[in-house]
Amino acid sequence: HTFAVFLHMWTQFVSSLLMAFQALAANRARALLTMLGIIIGVAAVITMTAIGQGAQQVIASQINSMGSNMLQIDPGPMNFGGVSSGAGGSIRLSEKDAEALRESPYLTAIAPSVDTRAQVVANNANWQTRITGSTPEIMSIRNYAVSSGEMFTDIDSKMGRKVCLLGKTVADNLFGVVADPIGQSIRIKNIPFIVIGLLKAKGSNGFGQDQDDNILAPFSTVQRRLMGITWLEDIFVSTVSTDLTEVAIQDVTHILRIQHRLSGTGSDDFRVRSQVEMAQAAAQSTQTLTDLLRMAAVISLVVGGIGIMNIMLVSVTERTREIGIRKSIGAKKSNILTQFLTEAVTLSLVGGVFGVVLGYIASDFVSNQNGWSLIISPQAVSLSFAAATAVGVFFGWYPAMKAARLNPIEALRYE
């Protein structure tokens, strides 16, 4: 008995599905235009999800390229007569702070750092770029590598020697892509420097900053000769492992508070940031944008659903006599309801299939244009089909109910 019931239901479903396809095939152009909103909505959901996940992966990769297990210590705010200078206003980071951090068992490398921007001249070419002054330990902390030449030494840093390494962007703009800059002289703020090496290209980071548009020079040279200051702008440190990042931040904070003689209630005059924090901030920004774009896709699905409701109401009006004939020969309300509801859902699902194909094509195009890996999750496809089905059922229910409730006598009289 159960099998007979199941067979009857399956036969009714197949019959309704065949009739739905026949009805849609009879008006191909109208059906295609009706599905357009669903197609665009589903394609948008898939494309936006793929772009969001691809962008998050790229941002995470680029942020990680800035340094493995890196912490960045910046100056914090200072108060002058109750007025805060804001972040970066403190000038209390010093070389003694960097040395004190070497006591921490959770850190493997410490590199004091200063930065400035200046016009750099070489022969007849010039280029404005960022000059970073640090120690050799910055190489392991920031994942820098020398592509040719050599890195300056601790002695060069302590002696304030005027040597430097060029990022690829700077080297290309000052010497072209063919000439070898190593051994050449450049002028930074009219101070001559000898190029002793080239940094391996790293590309842009997760914040769109060109990591190759820079010059790396000994810390004391940049600090005293180019900037004329005695304090630090940053201290970069590398933690023992990612798992110990939070413990390392607490230890760094404890050491620096002792160094700066801050009382238990005094606020920090420095700020410690981790790569995890930067990655989370970037991912949150990307997720927010992706969510906004998905909302636009949902609106497109709703518009497509309204189109389905409109065309199904027209279809009910056009086929009123057909409905009357079917009811007069024994069709029940449930049969009519199932038929028109199946047509609405079929419109949505066929539109969903085309939308998935279009979404794959659009995602592939965007990923190729930006050099991203294509990431289309099965969840996104499943969500798109579920949304298309829901739209078909929701917006097809009213026309289907209207058809099912038609009086067979009045339907047969309809001209």
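# Structural briefing: cores, strand pairing and selected contacts

The chain contains 13 helices and 12 strands. The structure is a predicted model, with an average pLDDT of 81 over the chain and 80% of the residues scoring at least 70. Of the 415 residues in the chain, 44% are buried. Among contacts with a separation of 6 or more, 76% are between residues 24 or more positions apart.

**Confidence**

- Residues 80-89 have a pLDDT below 50, and in the model this stretch has 19 contacts beyond near neighbours in sequence.
- Where pLDDT is low, the predicted coordinates should not be read in detail.

**Nonpolar cores**

- The largest nonpolar core holds 42 residues, and the members that touch the most others are Ile73, Leu101, Leu166, Ile186, Ile188, Ile215 and Ile235.
- Strand E4, residues 107-122, supplies the largest share of this core, with 6 residues.
- A second core, separate from the largest, comprises 32 residues, including Ile38, Ala297, Phe340 and Val391.
- Beyond residues up to four places away in sequence, Ile73 touches the nonpolar residues Leu93, Leu101, Ile235, Val237, Val252, Leu256, Phe270 and Val272, among others.
- The residues touched by Ile73 also include Glu233, Asp234 and Arg271.

**Strand E9 and its partners**

- Strand E9 spans residues 191-199, and 7 of its 9 residues are buried, so the strand is largely enclosed by the rest of the structure.
- Strand E6 (residues 146-149) runs antiparallel to E9 and is joined to E9 by 3 bridges. Within this pairing, Ser148 has Leu198 of E9 as its bridge partner.
- Strand E7 (residues 163-166) pairs with E9 in the parallel sense, over 4 bridges. Here Cys164 is bridged to Val195 in E9.
- Strand E8 (residues 185-188) pairs with E9 in the antiparallel sense, also over 4 bridges. In this case Phe193 of E9 stands opposite Ile186, a residue that is also listed among those touching the most other members of the largest core.
- E8 and E9 form a hairpin with 2 residues between the strands, and Lys189 in the turn has a positive phi of about 55°.
- In a regular strand the side chains alternate between the two faces of the sheet.

**Helices H6, H7 and H8**

- Helix H6 covers residues 168-175, and its buried residues are Thr169, Val170, Ala171, Leu174 and Phe175.
- The elements covering the buried residues of H6 include the strands E4, E5 (125-134), E7, E8, E9 and E10 (214-218).
- Gly176 follows H6 and has a positive phi, near 80°.
- In helix H7, residues 219-226, 6 of the 8 residues are buried, so this helix is largely enclosed by the rest of the structure.
- The buried residues of H7 are Phe219, Ser220, Thr221, Val222, Gln223 and Leu226.
- Gly228 follows H7, and its phi is positive, near 65°.
- Helix H8 spans residues 245-259 and includes Thr253.
- Thr253 has a relative accessibility of 18%; because buried means under 20%, Thr253 counts as buried.
- Apart from neighbours within four places in sequence, Thr253 is in contact with Asp268, Phe270 and Val272. Phe270 and Val272 are also touched by Ile73.
- An α-helix has 3.6 residues a turn, so residues three or four places apart point the same way.

**Aromatic rings and charges**

- A search of the whole structure finds 1 aromatic pair.
- This pair is formed by Phe394 and Phe395 in an edge-to-face arrangement, with 5.0 Å centre to centre and 80° between the planes. The arrangement counts as edge-to-face because the planes are over 60 degrees apart.
- Phe394 is exposed, with a relative accessible area of 60%, whereas Phe395 is buried at 11% relative accessibility.
- The charged end of Arg142 sits over the ring of Phe236, at 4.9 Å from the ring centre.
- Lys202 lies over the face of Tyr144, and the distance to the ring centre is 4.7 Å.

Key:
Residues numbered from 1 in each chain as written. Heavy atoms only, no water. Core = buried A, V, L, I, M, F, W, Y, C linked by side-chain atoms within 4.5 Å. Buried < 20%, exposed > 50% of the residue type's maximum accessible area, 1.4 Å probe, protein only. Contact = heavy atoms within 4.5 Å. Phe/Tyr/Trp six-rings, centres within 6.5 Å; stacked < 30°, edge-to-face > 60°. Lys NZ or Arg CZ within 6 Å of the ring centre and 35° of its normal. Pairing = 2+ DSSP bridges. pLDDT = per-residue confidence, 0-100.
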